Amino acid sequence: MRTILAALLLSLPWLAGCSRDAADPGGADAGADAIRMPSVTVTGDDSGVEELNWRPPQVALAADDVADAHRRAADALSGGRLFDGPDDAIPLYLALLRLDADDTRAKTGLDRSLDRLLEQGAQALRHAEDRTESLRRARQIAAVARTVAPGDAAVSAYLAKVDEVDQLTRLNLASERALREGRLGEAGGGALAGFREVLKWKPGQPRALQGIAAVESAMIRRAEEAALASDFGTARIWLAHAAKVREDAQTVADARVRVEAIRLARIVELRDAGVRDMATPLGLKDARIKLAEVLRIAEPGNRVAADFRQRIDLATHYGQFRPGQAFTDSLHHGGRGPEMVVVPHGGFLMGAADDENGAADAEKPAHYVRFDRGFAMARHPVTVGEFRRFVDATQYRPRATRRGHSVVYDERSGNFVRRSGVDWQSDYAGQPASDDMPVLHVSVYDAEAYAEWLAGQTGHGYRLPSEAEYEYALRAGQQGRYPWGNGQPPRGVANLTGGNDRSPSGRTWNNAFVGYGDGYWGPAPVGKFRANAFGLKDLDGNTSEWVGDCWHASYRRAPADGATWFNPGCRSRVVRGGSWASSPAQARSAWRSSSDSDMTNARVGFRVVRGI
């Protein structure tokens, strides 16, 4: 029997099918035979693997105890209790043989116990390379087998396997310690060399394979840390090391994408900061410093870097543009962006006067804002068709789509209600919207995502307008209560709540401009009403619009240069401009409202601006 066991041990399929994490040394072995711990002497070393010795438990037998001892030994063997205590099979059979060296039953029982012991050892060895407890068990059994039958062929084969696993485990442990200490082995030695040595002995050994993967992950982590510190040269070196760890590893390819994303984000951050610097002549020097950093980290041909360089060259002028000029930017994947109009630089008094009728405290104090450079603003709000191109290109899922509902106008009740199945493709009543309608049911995050996509497609700084830019463009040189002045709206000026408006079922507005009608109940297709003095449309009606600012309860300490007033992490954002369903007081030039960032409804859309 032990000759067969010896052959089996020499061909044991080590760790076949094992998937337990090598970092979990405390897992229990499979099988009832692997549960009980023996009485052994343990001495530790710094490898984490113990030296084990076994002494047979003392069994006191008298001649008249032989029959009972045989019975107890047979019961212990049958139950798999082999060596832990004085009532286990091997100690009992050894005691019987000490009484009578020719006890045939005891010899046979000891042989069977040794066979069973080696079976348990083979079971423990199947997991010993990955589980410290399994290796401990295998070594305990080795100590017992070496004591009972040191010259037995099966025992010798088993001991050889235990020694082999012992060496592999020690090498894995040393490699894992090197990994924890940061000695990865990119230049030779270290954790990588140790794990590879294990795999030379035992190809496919799971613990070593996991170690190799961990070394690769550590190198990737160092590359990403270097990238976050804008040290892309070091990041490239670490990625090159990681690429040599495992051939054609997708993880390294994914890491390269992440590093490039970090690079692009840093370039865009520097570019945007430089654009803000260029809002004043004194900031041009700082902008050039940022450009030098962009050129240091950017790959040749980067569109954002090239655009930044051009902006600085034209920093003191409109560059290739002129006030009032309309243009579109080409998109990288084909087509054109929204039609943009250059708004002239200048200044205005932002906010409501102290004596303005209907004004709120949040609209005060009125304060002077000056734009030292012009900017380009979309002629009209972003349409359903324009937003569709973004969604189709990126597979972006706007907030209302993910949430499954938005707020629409209900014709039956005359109220705004939440309705399921409504998102950016829907109109004010929740029906499918045509591509020339202003996009509704979008959150400020959706609007910002669209603007960021435009920036990436064009290489130019698209974003949401600041609140100051919006009011400046809305007033277009007019300082009256409304965008058109102080009185009633002129005929056909905008899509507003008029006393002559009628809903599909004949409803009228309770609070409207008396005697005014524009022919629409709900938003109109963009551009249906005349442009203001800056050439912009629908700012004074049709839809309210998201701007880039966080909500502040007043204009105290507001930026005087027209920049976006933004606090990272803020949840309340600003909505500006009257809509098709706004009261006359909400159509005032200074009117502003606070809305949660995730809000979507049938009255709010957005448009974009672009630096020039």
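These legends accompany four close-up views of a predicted model.

**View 1. Helix H4 and its starting end.** Helix H4 covers residues 104–128, a run of 25 residues. At 1.5 Å a residue it should span 36 Å, and the C-alpha atoms at its ends lie 35 Å apart, which agrees. Take a look at the start of H4 too: there, a side-chain oxygen of Asp103 comes to within 3.1 Å of the backbone nitrogen of Arg105.

**View 2. The two faces of strand S6.** Strand S6 takes in residues 367–371. His367, Val369 and Phe371 make up its covered face, while Tyr368 and Arg370 sit on the uncovered one. This is a handy place to recall that side chains in a regular strand alternate between the two faces of the sheet.

**View 3. Strand S6 beside strand S5.** Here S6 is shown with strand S5 (residues 346–350); the two run antiparallel and are joined by five bridges. To find your way between them, start from Gly347, whose bridge partner in S6 is Arg370. Arg370 also belongs to the uncovered face of S6.

**View 4. Strand S12 and its partners S11 and S13.** Strand S12 (residues 572–576) has four of its five residues buried, so it is largely enclosed by the rest of the structure. With strand S11 (residues 544–550), S12 pairs in the antiparallel sense over three bridges. Strand S13 (residues 592–596) also runs antiparallel to S12, and five bridges join them. Arg576 is a good residue to follow across this view: Arg576 is the bridge partner of Glu545, and it stands opposite Arg592 in S13.

Definitions and conventions
Residues are numbered from 1 along each chain as its sequence is written. This is a predicted model: local features need pLDDT of at least 70, side-chain atom pairs count only at pLDDT 80 or more; totals for chains, interfaces and linings use all residues. Side-chain values use heavy atoms; hydrogens and water are left out. The expected span of a helix is 1.5 Å times one less than its number of residues. A polar contact is a pair of N or O atoms within 3.5 Å; within protein, one must be able to donate a hydrogen and the other to accept it, and residues adjacent in sequence count only if both atoms are side-chain atoms. Buried means under 20% relative accessible area, exposed over 50%, partly exposed in between (1.4 Å probe, protein chains only). Two strands pair if DSSP finds at least two bridges between them.
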